[in-house]
Amino acid sequence: MRKLKIDELNRLSTDEFKQADKLPLVVVLDNVRSLHNVGSVFRTSDAYLVEAVYLCGITSTPPHAEIHKSALGAEFSVDWKYFEQTLDAVALLKADGYTVFSIEQAQGSTMLTDLQLNPNGKYAVILGHEVKGVQQEVVNASDGCIELPQYGTKHSLNVSVTAGIVIWEFFKGIK
């Protein structure tokens, strides 16, 4: 077995990425403070052709050297918008026909393993602050909450890890 070289991977150029059919998924970052997490979300969003990343509140925006360290240029390929208030992003998404889910441990949440997606649907997922999670008012405005099952002693995963798991599950469920 031989590792493939970069030029053998047949990756899209940024221009080709911009023109490609996207996964009907928007990832919303609600007051995510870690630039590493922001960059990692861009990179994973690029890998799975996510439509856009919405950056809200205190979440930093490109261009930023620390975002670029993790994103490795994905901040140039993936479309993004900034919203001062996450609720404004949610309102826009709902008006555009997206089903909006907060990724949060909440009463009545749906386990990610039980989630049934409509292959023709449009979705948005909201990931929250590393300590406080998704704001309660944003949870209230969402169509539902998705929870990742966890079995150890910790009660949460890193934002970028959660994003990777969730984006992959949506990719499998929609594509």
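This is a short dialogue on reading pockets, salt bridges and a surface patch in a predicted model.

Q: What should I know about the model and its numbering before we start?
A: The model is predicted, so local features need pLDDT of at least 70 and side-chain atom pairs count only at pLDDT 80 or more, while totals for chains, interfaces and linings use all residues. Residues are numbered from 1 along each chain as its sequence is written, and side-chain values use heavy atoms, with hydrogens and water left out.

Q: How much space lies in the largest pocket, and which residues are closest to its centre?
A: Rolling a probe the size of a water molecule over the atoms shows where empty space is left. A pocket is found on a 1 Å grid over the protein atoms alone, as an open set of points where a 1.4 Å probe fits, with protein on both sides within 12 Å along at least five of seven lines; lining residues have an atom within 4 Å of a point. Grid points are joined across faces, edges and corners, and a volume is the space filled by probe spheres set on the points. Here the largest pocket holds about 460 Å³. It is lined by 16 residues, with Arg11, Leu12, Phe17, Asp46 and Ala47 the closest to its centre. Helix 1 (14-19), helix 2 (35-47) and helix 4 (74-77) each give two or more residues to this lining, and helix 2 supplies the largest share, three residues. Helices (H or I, at least four residues) and strands (E, at least two) are DSSP runs, numbered from the N terminus.

Q: How do the lining residues of the largest pocket divide by character?
A: Ala, Val, Leu, Ile, Met, Phe, Trp, Tyr, Cys and Pro count as nonpolar, Asp, Glu, Lys and Arg as charged, and the others, Gly among them, as polar. On that basis the lining has eight nonpolar, five polar and three charged residues.

Q: What is the volume of the second largest pocket, and what lines it?
A: Its volume is about 390 Å³. Of its 20 lining residues, Ile103, Glu104, Gln105, Ser156 and Leu157 lie nearest the centre. Strand 6 (123-128), strand 7 and helix 7 each contribute two or more residues.

Q: Where does Leu157 lie, and which surface patch does it help form?
A: Leu157 sits in the loop between strand 7 (144-147) and helix 7 (159-174). A nonpolar patch joins side chains of Val, Leu, Ile, Met, Phe, Trp or Tyr within 5 Å, from residues with over 30% relative accessible area and no salt bridge. Areas come from the Shrake-Rupley method with a 1.4 Å probe, and for residues only the protein chains shown count as cover. Leu157, Val161 and Ile165 make up such a patch, with about 210 Å² of accessible area together.

Q: How many salt bridges are there, and what does the one between Glu130 and Arg33 tie together?
A: A salt bridge is a side-chain nitrogen of Lys or Arg within 4 Å of a carboxyl oxygen of Asp or Glu. The structure has six. Glu130 and Arg33 meet at 3.8 Å, N to O. Glu130 is in the loop between strand 6 and helix 6 and Arg33 in the loop between strand 1 (23-30) and helix 2, so the pair links parts 97 residues apart in sequence.

Q: What separates Glu66 and Lys69?
A: They form a salt bridge, with the closest N and O atoms 3.3 Å apart. Because Glu66 and Lys69 are three residues apart in helix 3 (residues 65-71), about one helical turn separates them.

Key
Patches are made of residues with over 30% relative accessible area and no salt bridge: like charges are joined within 9 Å, nonpolar side chains (Val, Leu, Ile, Met, Phe, Trp, Tyr) within 5 Å.
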